[in-house]
Amino acid sequence: MVQIKLGQALLIICCVFYLIWWGVAFRPSHGDSHTHGIDGILLLATAIVGLSGLAVNMMGIVKTPPEKGFISGLIIIAAGIVTYLILLYGTRVFLHRQVTSELFLIVGWSMLEVASINRAFAWETVTIDKVVILLVITAIAAVLSLFFYLQYYRVKPMTGYLFGMVPLMTEAITMGIFEFLTK
């Protein structure tokens, strides 16, 4: 469980770096005055911390097979893949929205959270009532993230800039709650 909690902490830091990078790189008044050095450093820091957090978190998840998790890890993966494909098709074909990496990140993060919650329950570091709370919060964060993702290109630049920050904030808050509720 220590690895999962460390991975979640690193992913929270990743969200902070991502927010800072987004704030610098996508500010509507940024215009042609891009500071590529700062943009690049922030993006690199985001990637390093994010991939480290993901790796550490995954090592904790796969470390020992759960004895009594509430769902199979294979079902989580399959559900994530199916969800991504449906959202990919639906957002592109029906909503005519340009598909970006954020859709993959939102679905992938949601799968990781469900798997982390499943593992925490299997190791008895959270009770079933906390599992329900964490799953509801994760679902709310995922739906909010998808909503703001879908709205990004439909609103004015400053509104889209702010909308782009919401998924990072909801996901960081959700992981913070996970950190708080697990032993």
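## Two cysteines, no bond

Let's start with cysteine 14, which counts as buried at 11% relative accessibility. Its neighbour in the numbering, cysteine 15, takes part in no disulfide, and the nearest cysteine sulfur, 5.6 Å away, belongs to cysteine 14. Cysteine 15 is buried as well, with a relative accessibility of 6%. Keep in mind that this is a predicted model.

Why is cysteine 14 not bonded to cysteine 15? The gap of 5.6 Å between their sulfurs is too far for a bond, because a disulfide needs the two sulfur atoms within 2.5 Å. Searching the whole structure turns up zero disulfides.

## What sits inside

In soluble globular proteins, nonpolar side chains tend to be buried together. Here, the largest nonpolar core is made of 29 residues, and Trp21, Val126, Leu134 and Phe178 have the most contacts inside it. Five helices each supply at least two residues of this core: α1 (2–25), α2 (36–62), α4 (101–122), α5 (128–151) and α7 (166–181). Which of them gives the most? That's α1, with eight residues.

For a closer look, take leucine 134. Once neighbours within four places in sequence are set aside, leucine 134 is in contact with Ile117, Val126, Ile177, Phe178 and Leu181. Apart from the largest core there is another one, of five residues, including Leu103, Ile106, Leu146 and Tyr149.

## A nonpolar patch outside

Not every nonpolar residue is tucked away. Ile128, Val132, Val136, Ile140 and Leu144 make a nonpolar surface patch of about 410 Å². One of these residues, leucine 144, is found in helix α5. Is leucine 144 buried, exposed or partly exposed? With a relative accessible area of 34%, leucine 144 is partly exposed.

## Two loop residues with positive phi

Now for the backbone. Histidine 96 isn't a glycine, yet its phi is positive, at about 55°. Where is histidine 96 placed? Look in the loop between α3 (73–94) and α4. With a relative accessible area of 64%, histidine 96 is exposed.

Glutamate 124 also has a positive phi, near 60°, and is a residue other than glycine. You'll find glutamate 124 in the loop between α4 and α5. Its relative accessible area is 47%, so glutamate 124 is partly exposed.

Key: Residues numbered from 1 in each chain as written. Predicted model: local features only at pLDDT ≥ 70, side-chain atom pairs only at ≥ 80, totals over all residues. Heavy atoms only, no water. Buried < 20%, exposed > 50% of the residue type's maximum accessible area, 1.4 Å probe, protein only. Core = buried A, V, L, I, M, F, W, Y, C linked by side-chain atoms within 4.5 Å. Helix = DSSP H or I, 4+ residues; strand = E, 2+ residues; numbered from the N terminus. Contact = heavy atoms within 4.5 Å. Patch = residues over 30% accessible without salt bridge, like charges linked within 9 Å, V, L, I, M, F, W, Y side chains within 5 Å. Areas by Shrake-Rupley, 256 points an atom, 1.4 Å probe, with all protein chains shown as cover. Salt bridge = Lys/Arg side-chain N within 4 Å of Asp/Glu carboxyl O.
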